[in-house]
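Please open the model in a viewer and keep the sequence panel visible. The tour moves from the whole chain to single residues.

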Amino acid sequence: MVASAFTSSAVTRVAKVARVASSCATCVLPLVVAVGAVPMVLTAMGFTATGIASSSIAAKMMSAAAIANGGGVAPGSLVATLQSLGATGLSGLTKFILGSTGSAIAAGIARFY
């Protein structure tokens, strides 16, 4: 009985979020575009699949990080993470998480309108 009540409650909440999100396409659409634009933005900054492009924002960031770190870019730093994303792109799981989180935030915001 408890499991069915939980399931019913969860289904009701998901349906409500889906209804709000679908009625607020203008709230969700920018988030979908943002997730899809990540590879283009990284490439435009200079984080490419073949490495950091010379004379780019990425090159300047890498130079500043190397100077601050004594000559090398630290693993796990912002520059290293962005270069990794530029080289490999976003995984399907990352896209799902970003899209779900953004949609939930948009639905929460739309609730107040």
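The stops below give a selection and then describe what is found there.

**Before starting.** This is a predicted model, in which local features need pLDDT of at least 70 and side-chain atom pairs count only at pLDDT 80 or more, while totals for chains, interfaces and linings use all residues. Residues are numbered from 1 along each chain as its sequence is written, and side-chain values use heavy atoms, with hydrogens and water left out.

**Whole chain.** Display the protein as a cartoon: five helices and two strands appear, in the order α-α-β-β-α-α-α along the sequence. Helices (H or I, at least four residues) and strands (E, at least two) are DSSP runs, numbered from the N terminus. Switch to a surface: about 7700 Å² is exposed, and carbon and sulfur atoms supply 72% of it, as computed by the Shrake-Rupley method with a 1.4 Å probe. Of the 113 residues, 21% count as buried (under 20% relative accessible area; exposed means over 50%, partly exposed in between, with a 1.4 Å probe and protein chains only). Among contacts (heavy atoms within 4.5 Å) between residues at least 6 apart in sequence, 52% join residues at least 24 apart.

**Ser-55.** Select Ser-55, in the loop between strand E2 (51-52) and H3. Although Ser-55 is not a glycine, its phi is positive, about 60 degrees. Its relative accessibility is 71%, so Ser-55 counts as exposed.

**Helices H3 and H4.** Next select residues 57-68 (H3) and 78-88 (H4), which pack at an angle of about 145 degrees with their axes 9 Å apart. Axes are lines fitted to C-alpha atoms, for helices over the stretch in contact, and angles run from 0 to 180 degrees between N-to-C directions. Show side chains: Met-61, Met-62 and Ala-65 of H3 meet Leu-78, Val-79 and Leu-82 of H4. The residues of this contact comprise six nonpolar, no polar and no charged (Ala, Val, Leu, Ile, Met, Phe, Trp, Tyr, Cys and Pro count as nonpolar, Asp, Glu, Lys and Arg as charged, and the others, Gly among them, as polar).

**Gly-70.** Move to Gly-70, just after H3, where phi is positive at about 80 degrees.

**Leu-90.** Finally, select Leu-90 in the loop between H4 and helix H5 (92-110). Is Leu-90 buried or exposed? With a relative accessible area of 15%, Leu-90 is buried. Add Pro-39 to the selection: Leu-90 and Pro-39 are 51 residues apart in sequence, and their C-alpha atoms are 7.7 Å apart in space.
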